[in-house]
Amino acid sequence: MKIANTPKPPYYAVIFTNLVTEELEGYEETADRMVELAQQQEGFLGFESVRDGLGITVSYWKDLESIKNWKYNLEHSVARKKGNEKWYSSFKTRIALVERDYGKE
């Protein structure tokens, strides 16, 4: 895993925070597929993800339209439904406008 190489702001971040259940059959494969699929979406800029009990995935997007299109991607919709019913005991999705970023590379 590495820090996402995002463009100069502004752009958007979708922050998905979750706690998983003990029923994780198929979870890892689906998560890998969602990364692969998201990377093919128009407007996708990158992602970062970590799990240490609490899972946090931040995906970066060019604009709100790109985020909306990803949300309604059919395969992603099926995965979200399965996550809601089976894999996540709780979750929260936040969408934020990134107006400034800086760091060390």
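## Packing of α1 against α3

Two helices count as roughly antiparallel when the angle between them is over 145 degrees. In this predicted model, helix α1, which spans residues 27-38, packs with helix α3, which spans residues 74-87, at an angle of about 150°, while their axes lie 11 Å apart. The angle of about 150° is over the cut-off of 145 degrees, and α1 and α3 are therefore roughly antiparallel to each other. The crossing in which α1 passes α3 is left-handed.

On the side of α1, the contact is made by Tyr27, Thr30, Arg33, Met34 and Leu37, and these residues meet Glu75, His76, Ala79 and Trp87 of α3. Sorted by character, the residues of this contact between α1 and α3 comprise 5 nonpolar, 2 polar and 2 charged ones.

## Ser66 in helix α2

Helix α2, formed by residues 64-71, contains Ser66. The relative accessible area of Ser66 is 5%, and because buried means under 20%, Ser66 is classed as buried. When residues up to four places away in sequence are not counted, Ser66 touches Glu42, Gly43 and Trp61.

## The cis peptide bond at Pro10

Ahead of strand β1, which covers 11-20, lies the segment in which Pro10 has its place. The peptide bond that joins Pro9 and Pro10 is cis, with an omega of about 10°.

Notes: Residues are numbered from 1 along each chain as its sequence is written. This is a predicted model: local features need pLDDT of at least 70, side-chain atom pairs count only at pLDDT 80 or more; totals for chains, interfaces and linings use all residues. Side-chain values use heavy atoms; hydrogens and water are left out. Axes are lines fitted to C-alpha atoms, for helices over the stretch in contact, and angles run from 0 to 180 degrees between N-to-C directions. Helices (H or I, at least four residues) and strands (E, at least two) are DSSP runs, numbered from the N terminus. Angles under 35 degrees count as roughly parallel, over 145 as roughly antiparallel, 65 to 115 as roughly perpendicular and the rest as oblique. A crossing is left-handed if the near helix is turned anticlockwise from the far one by less than a right angle, and right-handed if clockwise. Contact means heavy atoms within 4.5 Å. Ala, Val, Leu, Ile, Met, Phe, Trp, Tyr, Cys and Pro count as nonpolar, Asp, Glu, Lys and Arg as charged, and the others, Gly among them, as polar. Buried means under 20% relative accessible area, exposed over 50%, partly exposed in between (1.4 Å probe, protein chains only).
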